[in-house]
Amino acid sequence: MHDEFLCHVTAYGVCDGRRIGVPLGTYRAPTLALALWWLRDRASWIAERLDPQPESTSIPPSALVPVSDTAPDVPRLLRAWCADVGRQELIADELGAGRLVRVAASDETTEYELLAESVDALRMQRTVPPLVMPVG
C-alpha cells in the first residue's frame, strides 16, 4: 500500500495556437482517503464555478444563461464522478497499487484534468536504471 499521494488539478486551453495548462491546485496527501477527498473537493469546486446555483446572491441578475442540450456539461460530469462510489473505489485501488490516475472532462474550450499519483511510486521510478538505447 502506498502512503502518500501527489494530486494536481489543471485546466488546459488553446492560446495563440498552443495548448496551455493553468494549474488550479496541488496537494500532497498524507493518506489515500485524503487524496480521494481532495480530488472530489476540487471537482466539486470546478463544477460550482462553472455552474453556480441560480439563487446564489453573489451572481448578478441575468448573468446565468441556459446552454444547448447538446453542449458538453462538464459540471454535470464532475458532479456525477464525485457521487459514483464504484469509480471512487476503482481509483482507490489504482492509486493503492501505485498507478497514476487521471480524470478529465472537456467542453468546447477547456479540458479540466485531475491527476493523482503515489509519491512512493515516483521515488521507485527514479531508482530504476534508465533504459539505454544503442545508437546506429
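Helices here are DSSP runs of H or I with at least four residues, numbered from the N terminus. Keep that in mind, since helix numbers come up throughout. One caution before we start: this is a predicted model.

Let's begin with the pocket. Which helix gives the most to the lining of the largest pocket? Helix 2, residues 74–83, with 4 residues. The lining has 19 residues in total. Leu50, Asp51, Val67, Asp73 and Pro75 are the ones nearest the pocket centre. The space inside comes to about 470 Å³. What about the chemistry of the wall? Sorted by class, the lining holds 11 nonpolar residues, 7 charged ones and 1 polar one.

Now the sheet. Strands of a sheet pair through backbone hydrogen bonds, either parallel or antiparallel. Here there are 4 strands, in an open sheet, and the pairing is antiparallel. Read across, the order is 2-1-4-3. Which strands stand at the edges? Strand 2, at 18–29, and strand 3, at 101–106. Each has a single partner strand, so one side of each has no neighbour in the sheet. From one strand to the next, the twist averages 15°.

Zoom in on strands 1 and 2. Strand 1 covers residues 5–15, and its antiparallel pairing with strand 2 runs over 11 bridges. Two of the partners by name. Threonine 10 bridges to proline 23 in strand 2. Glycine 13 bridges to isoleucine 20, also in strand 2. The hairpin of these strands has 2 residues between them. There, aspartate 16 takes a positive phi, near 55°.

Next, helices on the sheet. Helix 1, residues 32–50, lies across strand 1, strand 2 and strand 4, the last at 111–118. The angle of helix 1 to strand 1 is about 25°. Helix 2 packs on the sheet as well, touching strand 3 and strand 4. The direction of helix 2 makes about 150° with that of strand 3.

Last item: helix against helix. Two packed helices are described by the angle between their axes and the distance between the axes. For helix 2 and helix 3, residues 85–96, the angle is about 75° and the axes are 5 Å apart. Angles of 65 to 115 degrees count as roughly perpendicular, so helix 2 is roughly perpendicular to helix 3. Who makes the contact? From helix 2, Trp81, Cys82 and Ala83; from helix 3, Val85, Arg87, Gln88 and Ile91. By class, that contact has 5 nonpolar, 1 polar and 1 charged residues.

Terms used
Residues are numbered from 1 along each chain as its sequence is written. This is a predicted model: local features need pLDDT of at least 70, side-chain atom pairs count only at pLDDT 80 or more; totals for chains, interfaces and linings use all residues. Side-chain values use heavy atoms; hydrogens and water are left out. On a 1 Å grid over the protein atoms alone, a cavity is a set of points where a 1.4 Å probe fits but cannot get out, and a pocket is an open set with protein on both sides within 12 Å along at least five of seven lines; lining residues have an atom within 4 Å of a point. Grid points are joined across faces, edges and corners, and a volume is the space filled by probe spheres set on the points. Ala, Val, Leu, Ile, Met, Phe, Trp, Tyr, Cys and Pro count as nonpolar, Asp, Glu, Lys and Arg as charged, and the others, Gly among them, as polar. Two strands pair if DSSP finds at least two bridges between them. Axes are lines fitted to C-alpha atoms, for helices over the stretch in contact, and angles run from 0 to 180 degrees between N-to-C directions. Contact means heavy atoms within 4.5 Å. Angles under 35 degrees count as roughly parallel, over 145 as roughly antiparallel, 65 to 115 as roughly perpendicular and the rest as oblique.
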